[in-house]
Amino acid sequence: MGGKWRRIWAVIAAFAVFSAALIVTSRGFGGHLLAHPGALDATSVSLWLTRAILPLLGALACWSACLGLGRRAARAAGFKPGDVVAAALGLGSFAQAVFLLAWAGVLNRPALAALAGAAAALAYPLRARSIPMPPRPRALWQELAAGLLAFAAFAVLATSLAPTLEWDVRAYHLALPEIYLRAGGLRDLPWMIHSHWPRLMETFYALPLAFGSDSTAALIHAGAAALLVGATAASAGSAAAGWAAALTLAGQPALLRTAAAAHCDAASALFVFAAALALSQWEEKRADATLVIAGLLAGLAASTNLLGVAALGAW
């Protein structure tokens, strides 16, 4: 089979798996539309714009800025990172800047808008070279895996856009930044034990919340999970190992559940993974800048949640 037809078959196989999974899991939605053809109206279009398109664009803009910031910071240190390390480093730098605003007591919409504009201006000249992706499918099971991964990504995206029902997201992951925004900065909350844990991402979520979008916060976290899956696949030793790794990781119910809400776990795991990548590069080249970047990423993992402290010990 020629290369062209092979690629066409791969797309058809992946699309068939994706479509089958989507039809099976959305029977109720399809039945509702058939029974109520007028359910999609102008209000639906407005909701799609405000609850889907705008949050998605905001999350994409955020990750683009993080990628550019990370590349610029690494190059300033004399280190040429891959896109995973750059995105993780940029996310941590951006989040630390928001945390400094909160610490200084100027956590408000104008200050956050100015910070976002400055981040975009700094990141703009730098473009992504190779966003981590699983290898090109070379066997039937890998083509089927591509369809399953596409469906998992769609499910996470759809869930991220819906109002969250996760108790811990409402109890502290988003409650903390909402409290900080109303207070204009960090506040001691003796009645909330979670406020005394590492909270880098919680403070960062004040940025999208300041503009009224909790869905953007969820999509930022989903982006960290997507980068983690792609980086795991891209770092495998072969195409088969890469697809197996991506499918195993993306098929974990815990990942699918937490990735679709404004948690901190995927970001912490991304920091740890990026730190490990930087540390492996340091072992090859023994460049001091690479070791410093690995240490910074390990520190970012520790500042995200308690389990991230283990990354400091590994470093």
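**Exercise 1. Determine how many helices and strands the protein chain holds, and judge its compactness.**

*Solution.* The protein chain of this predicted model has 16 helices and zero strands. Here helices (H or I, at least four residues) and strands (E, at least two) are DSSP runs, numbered from the N terminus. Next, the radius of gyration, taken over C-alpha atoms, is 20 Å. The globule rule, 2.2 Å times the number of residues to the power 0.38, gives 20 Å for 315 residues, so the chain is as compact as a globular protein of that length.

Residues are numbered from 1 along each chain as its sequence is written. Local features need pLDDT of at least 70, side-chain atom pairs count only at pLDDT 80 or more, totals for chains, interfaces and linings use all residues, and side-chain values use heavy atoms, with hydrogens and water left out.

**Exercise 2. State what share of the residues is buried.**

*Solution.* Buried means under 20% relative accessible area (1.4 Å probe, protein chains only). By this criterion, 45% of the 315 residues are buried.

**Exercise 3. Describe the largest nonpolar core and the surroundings of Phe204.**

*Solution.* A nonpolar core is a set of buried Ala, Val, Leu, Ile, Met, Phe, Trp, Tyr and Cys residues joined through side-chain atoms within 4.5 Å. The largest one has 83 residues, and Trp63, Phe94, Phe204, Phe271 and Leu297 have the most contacts inside it. Helix 4 (residues 83–104) gives the most to this core, with 12 residues. Finally, leaving aside residues up to four places away in sequence, Phe204 is in contact (heavy atoms within 4.5 Å) with Cys62, Leu91, Phe94, Ala95, Val98 and Ile220.

Terms used
Buried < 20%, exposed > 50% of the residue type's maximum accessible area, 1.4 Å probe, protein only.
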